[in-house]
Amino acid sequence: MSPTPDLAAFLAPPAPERLPLPAAAHPAPGVRLLRGVPYAYRAGIRPLELDLWLPDETHRRPPPVVLYLHGGGWRAGTRADMGPRLRHWSPSPFARLAQAGFAVASVDYRLSGEAIYPAQLDDATAALGWLHARADELGLDTRRTLSWGESAGAHLAALLALTTSMSGCVVWYGPTDLTTLPGQCPPGTYDASDPATREALLIGAALSDAPELARAASPVAHAHASAPPFLILHGTEDALIPPAQGAQLAATLHQLGVHTDFRSVPGADHGWAGLTDDEVERCFSASVDFAHACTTPH
């Protein structure tokens, strides 16, 4: 028996934008962290949460926002992680972004074992909506928001920047066109008819069986002339996501007149494997500089 409408409303969880915020931790100098903030409820799964890294109150102007989406093949991953080569940084890369004057919302989203696309993009969009709803309370300038992601998270960050109003997007070695990805992989390494690939599990079907679904889940299919600036970094030796994927999105955006900075990273495999610590640092610093350029008022 279903509850009566009045009882259903009584039992429903409170709207995330009205929940009390957690107490702040202070994981690094000049940084406040609100950990595990619910931003959306989805039936049948855990509450979706974000970690919000904030500059301390000495900053006089409301900070711009980085909305960060983690990697993990849409099957795994954690919002606490910016990739394997940055995992042990101290301060963490998120704390370093806060120290550089950004608020960082590192966001959960439904994994492909929980829901198929476009659930993941819907979740990222909901997180952006939550930030807008609480911007005044948190002291954020969400009019200056940039999406950033690595691997599967880069795919979602690009989609978010192409389907909402953003100030920019940082794409680290992400898939950008699921329809061309199999043919860009070395011969014999990718079976587009396999329903168990990461991409097939994302869209709910083998790529060869559902080309329209694959296209709908591809950032290149959503590119438009009003898109924000993009920085795309992709390793030349990436054995998981072909570097041609990053180049393809960059070429598509460039043809539309969108400011796009595509940088091949020599010697880098997926996740920045194969790079020295200094080279990883340069990738991060270039991305921070790009984020500053995109979110600085002119």
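This is a short tutorial dialogue on reading a predicted model.

User: Let's begin with the sheet. How many strands does the open sheet have, and in which order?

Analyst: The open sheet has 8 strands, in the order 1-2-4-3-5-6-7-8. Its pairing is mixed.

User: Which strands are the edge strands?

Analyst: An edge strand pairs on one side only. Here these are strand 1 (31-40) and strand 8 (260-265). On average, neighbouring strands of the sheet are turned by 15° against each other, direction ignored.

User: How many bridges join strand 6 to strand 7?

Analyst: There are 4 bridges between strand 6 (residues 168-172) and strand 7 (residues 230-235). The two strands run parallel. One residue to look at is cysteine 169, whose bridge partner in strand 7 is phenylalanine 230.

User: Which strands does helix 5 touch?

Analyst: Helix 5 (residues 152-163) packs on the sheet. It touches strand 3 (65-69), strand 5 (145-150), strand 6 and strand 7. The direction of helix 5 makes about 155° with that of strand 5.

User: Take alanine 158 in helix 5. Is alanine 158 buried or exposed?

Analyst: Buried means under 20% relative accessible area. Alanine 158 has 1% relative accessibility, so it counts as buried.

User: What is alanine 158 in contact with, beyond its neighbours within four places in sequence?

Analyst: Its contacts are Cys169, Val171, Pro219, Phe230 and Leu249. Cys169 and Phe230 are also the bridge partners named above.

User: Now helix 10. How far does helix 10 reach from its first C-alpha to its last?

Analyst: Helix 10 (residues 277-295) has 19 residues and reaches 27 Å. That is close to the 27 Å expected at 1.5 Å a residue.

User: What covers the buried residues of helix 10?

Analyst: The cover includes helix 2 (93-99), strand 5, strand 6, strand 7 and strand 8. Among the buried residues of helix 10 are Val280, Phe284, Phe290, Cys283 and Cys294. Cysteine 283 has a relative accessible area of 7%. For cysteine 294 the value is 17%.

User: Why is cysteine 283 too far for a bond with the closest cysteine sulfur?

Analyst: A disulfide is a covalent bond between the sulfur atoms of two cysteines. To count, the sulfur atoms must lie within 2.5 Å. The closest cysteine sulfur to that of cysteine 283 is in cysteine 169, 16 Å away, so a bond is ruled out. Cysteine 294 is in no disulfide either; its nearest cysteine sulfur, also that of cysteine 169, is 9.3 Å away.

User: How many disulfides does the count come to?

Analyst: The count comes to 0 disulfides.

Technical notes:
Residues are numbered from 1 along each chain as its sequence is written. This is a predicted model: local features need pLDDT of at least 70, side-chain atom pairs count only at pLDDT 80 or more; totals for chains, interfaces and linings use all residues. Side-chain values use heavy atoms; hydrogens and water are left out. Buried means under 20% relative accessible area, exposed over 50%, partly exposed in between (1.4 Å probe, protein chains only). Two strands pair if DSSP finds at least two bridges between them. Axes are lines fitted to C-alpha atoms, for helices over the stretch in contact, and angles run from 0 to 180 degrees between N-to-C directions. Contact means heavy atoms within 4.5 Å. The expected span of a helix is 1.5 Å times one less than its number of residues.
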